[in-house]
Amino acid sequence: MTTRSTVRLVAAAILAMAALPGDLFARQAADAGQVLAVRAARLIDGTGAPPVADPVVLIRDGRIEAVGSGLRIPAGAEVIELGGATLLPGLIDLHTHLISPPGMSWEDELLRSTPPSSALAGAANARVTLMAGFTTVRDMGTSWPYVDVALRDAIEAGWVPGPRMLVPGAYISTTGGAGDALQFSPYVQVPLADVLADSEDQVRLMARRHLKNGADFIKILATGAVFSRGASPGVQLYTEQELRAAVEEAARWGTTVAAHAHGTEGIKAALRAGVHTIDHGSMLDDEAIAMLKERRSFYVPTLFTSEWTLAHEDSTITPVSELRRSRAIADVKYASFRKALAAGLDIPFGTDASVIPHGLSARELAVRVRLGQPPMDAIVGATGLAAEVLGWEDRVGTVAPGRFADLVAVAGDPLADITEMERVRWVMKGGVVVKDEVGAGGR
Ligand SMILES: [Zn+2]
């Protein structure tokens with residue numbers, strides 16, 4: 001390594017430290033028009049193409065300008081040398097719950113937290129998530145409505161560091177369903193957590209309210225849940241017509257619906273109604289898989305949650321009744337995932353983080369690989385394919401010209417050892433280095 005590149009590495013490290021409090025300093029530090037060149041040993045670009053050796057990624061004004069093997073680096077460019085590392089697109093988690101205070105289940109949150117305290121916890125979780133290599137997340141809801149909208153906007157404004165977020169504002173749930181607050185006496189009203197809708201008209205009203213208040217998409221609880229006390233996970237809660245009402249309202253706003261759905265009939269009703277994603281999708285049958293294929297809707301499983309909660313039964317915040325549900329559904333989830341793999345379904349990546357601690361989301365990749373998914377497909381699920389699900393394939397998810405310069409690096413080869421993705425060493429978001437455990441030492 002030359003002295004000159006060492007100087008640049010130190011500069012990159014200082015940039016990284018400056019970026020820690022938020023994007024404010026870093027944006028001031030990065031000169032407009034300045035070209036950054038990132039070099040590593042190999043590149044996995046998020047499309048599923050074979051890795052590229054000796055990649056160079058040229059970045060200008062926060063976006064990728066060019067990428068290729070051994071690309072000529074323009075004079076005056078600042079070089080970030082990642083040595084033997086593997087470079088990848090920033091990871092995307094399609095199912096997180098960032099607004100979750102540590103040590104509280106979502107039901108406890110309504111009893112023991114306030115919207116502002118939950119928002120601050122959300123900011124902390126957003127930072128941890130970004131440092132783990134996730135530069136974009138689709139958040140799937142908060143106990144306190146619209147706190148997710150505020151966090152998304154705070155990150156976008158550079159007030160706090162975190163991933164790019166798409167948010168639903170709040171859930172839409174049936175009375176007694178997976179999003180109802182069943183921990184209260186029937187005589188206690190929780191007006192701030194009003195997310196219940198029990199007819200087509202009420203679903204429309206709730207969808208309109210969430211969209212008016214800043215939701216990017218609609219999240220509806222089509223069946224019971226594992227981690228809540230309402231109706232059991234296998235039970236369908238909304239009729240196909242009610243689900244269709246949500247899809248129609250979302251479409252008016254140019255967006256889509258994510259359906260939380262474990263049970264087979266609820267999954268199929270949601271697919272017939274035209275939802276965009278089936279989240280969890282625990283009980284898939286052959287017909288559901290055929291419908292997913294035919295309609296180009298997406299199954300977003302969350303597999304690691306069962307393993308984590310069952311391995312931490314004594315210390316977990318999950319109530320005993322929900323632990324019982326988690327134990328009962330684990331093998332069913334794994335069987336559905338294998339069935340979907342065998343059918344050749346494209347399976348984008350989600351985690352249900354908050355059920356698992358924030359920062360551990362990449363462990364879901366190893367669970368997938370263990371269940372038979374090739375490592376490259378698992379990575380594409382969390383990059384290029386996930387971006388397609390978001391309709392953001394022109395912004396994130398692949399290392400290609402025009403995309404945001406959202407990049408991560410790991411020390412080894414994740415195709416040989418997928419757990420490398422659990423040890424992200426370097427993170428860039430929008431051309432700003434926000435984590436650097438490679439640069440200072442180099443290789
Ligand atoms: Zn969830």
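**Aromatic pairs.** I looked up aromatic pairs in this predicted model and counted two of them. One pair is formed by Phe134 and Phe349, whose ring centres lie 6.0 Å apart. The angle between their planes is 20°, and I therefore recorded the pair as stacked, since planes under 30 degrees apart count as such. I then located both residues in the chain. Phe134 belongs to strand E9 (residues 134–139), whereas Phe349 lies in the loop between H11 and H12. The pair thus links distant parts of the chain, 215 residues apart. I also checked accessibility and found both Phe134 and Phe349 buried.

**Charges over rings.** I next looked for charged side chains above aromatic rings. Arg63 lies over the face of Phe404, and the distance to the ring centre is 4.1 Å. For Arg138, the charged end sits over the ring of Phe217, at 5.4 Å from the centre of that ring.

**Zinc site.** Which residues coordinate the zinc ion? I found His95 and His97, each through NE2, and Asp352 through OD, at 2.1 to 2.2 Å. The spacing of these donor residues in sequence is H-x1-H-x254-D. I traced two of the donors to their elements: His95 lies in strand E8 (residues 91–96), and Asp352 in the loop between helix H11 (320–342) and helix H12 (363–370). These two residues are 257 residues apart in sequence, so the pair ties together distant parts of the chain.

**Accessibility of the donors.** Are His95 and Asp352 buried or exposed? His95 has 0% relative accessibility and counts as buried. Asp352 has a relative accessible area of 7% and is buried, because the limit is under 20%.

Key
Residues numbered from 1 in each chain as written. Predicted model: local features only at pLDDT ≥ 70, side-chain atom pairs only at ≥ 80, totals over all residues. Heavy atoms only, no water. Donors = N, O, S within 2.8 Å, 3.2 Å for Na, K, Ca; no water. Helix = DSSP H or I, 4+ residues; strand = E, 2+ residues; numbered from the N terminus. Buried < 20%, exposed > 50% of the residue type's maximum accessible area, 1.4 Å probe, protein only. Phe/Tyr/Trp six-rings, centres within 6.5 Å; stacked < 30°, edge-to-face > 60°. Lys NZ or Arg CZ within 6 Å of the ring centre and 35° of its normal.
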